[in-house]
Amino acid sequence: MTSARIALLAITALCVTGTAAAQDLLIRGARVHTAAAAGTLENADVLVQNGRIAALGAGLAAPAGAVVVDAQGRALTPGLFGGLTQIG
C-alpha cells in the first residue's frame, strides 16, 4: 500500500471518529469517486465539518483553523467502498 493511500485511509478514519468531529478538514484536488450519478470528479475539493461532508466542488475555501490536505492526483472514495475493486 502506498503512503498516499495510507494517508487518505488515516484521514478517513479520523473523520468518522468522535475526536475528529470538531476539526474541520479540507481535502484539495482529489479524484473523487462518488457513489452517485455524478461518477468521478477530477480535481475536486471535499470539505468535512463536524464529521460529515459539508461541501464538494472546485476551489472551496478552507474555514479558519481547518486542516488542509493536498490530495492532487490522488483517489478519494466513499468510506465503505469495496477494497478489492479496480477503482482507486
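Strands β2 and β3 pair in the antiparallel sense over five bridges, where strands, like helices, are DSSP runs numbered from the N terminus (E, at least two residues, for strands; H or I, at least four, for helices), and where two strands count as paired if DSSP finds at least two bridges between them. Within this pairing, Asp-45 stands opposite Gly-57 in β3. The model is a predicted one, in which local features need pLDDT of at least 70 and side-chain atom pairs count only at pLDDT 80 or more, while totals for chains, interfaces and linings use all residues. Residues are numbered from 1 along each chain as its sequence is written, and side-chain values use heavy atoms, with hydrogens and water left out.

The two strands form a hairpin with two residues between them, and in this turn Asn-50 has a positive phi of about 55°. Most residues other than glycine have a negative phi. Asn-50, which is not a glycine, thus invites attention for its positive phi; the residue lies in the loop between β2 and β3 and is exposed, with a relative accessible area of 60% (exposed means over 50% relative accessible area, buried under 20%, and partly exposed in between, with a 1.4 Å probe and protein chains only). Asn-43 is likewise not a glycine and has a positive phi, here of about 50°, but its place is in strand β2, and at 45% relative accessibility Asn-43 counts as partly exposed.

On the other pairing of β2, six bridges join this strand (residues 40-49) to β1 (residues 25-33), and the two run antiparallel. The bridge partner of His-33 in β2 is Thr-40. The hairpin of β1 and β2 has six residues between the strands, and in it Gly-39 takes a positive phi near 70°.

Beyond β3 (52-57), the loop that leads to β4 (67-70) holds Gly-59, which is exposed, with a relative accessible area of 67%. The C-alpha atom of Gly-59 is separated by 7.9 Å from that of Ala-44, and the two residues are 15 apart along the chain.

Ala-44 also belongs to the largest nonpolar core, a set of 10 residues that includes Leu-25, Ile-27, Val-46, Val-69 and Leu-76; such a core consists of buried Ala, Val, Leu, Ile, Met, Phe, Trp, Tyr and Cys residues joined through side-chain atoms within 4.5 Å. Both β1 and β2 supply at least two residues each to this core, and the largest share, four residues, comes from β1.
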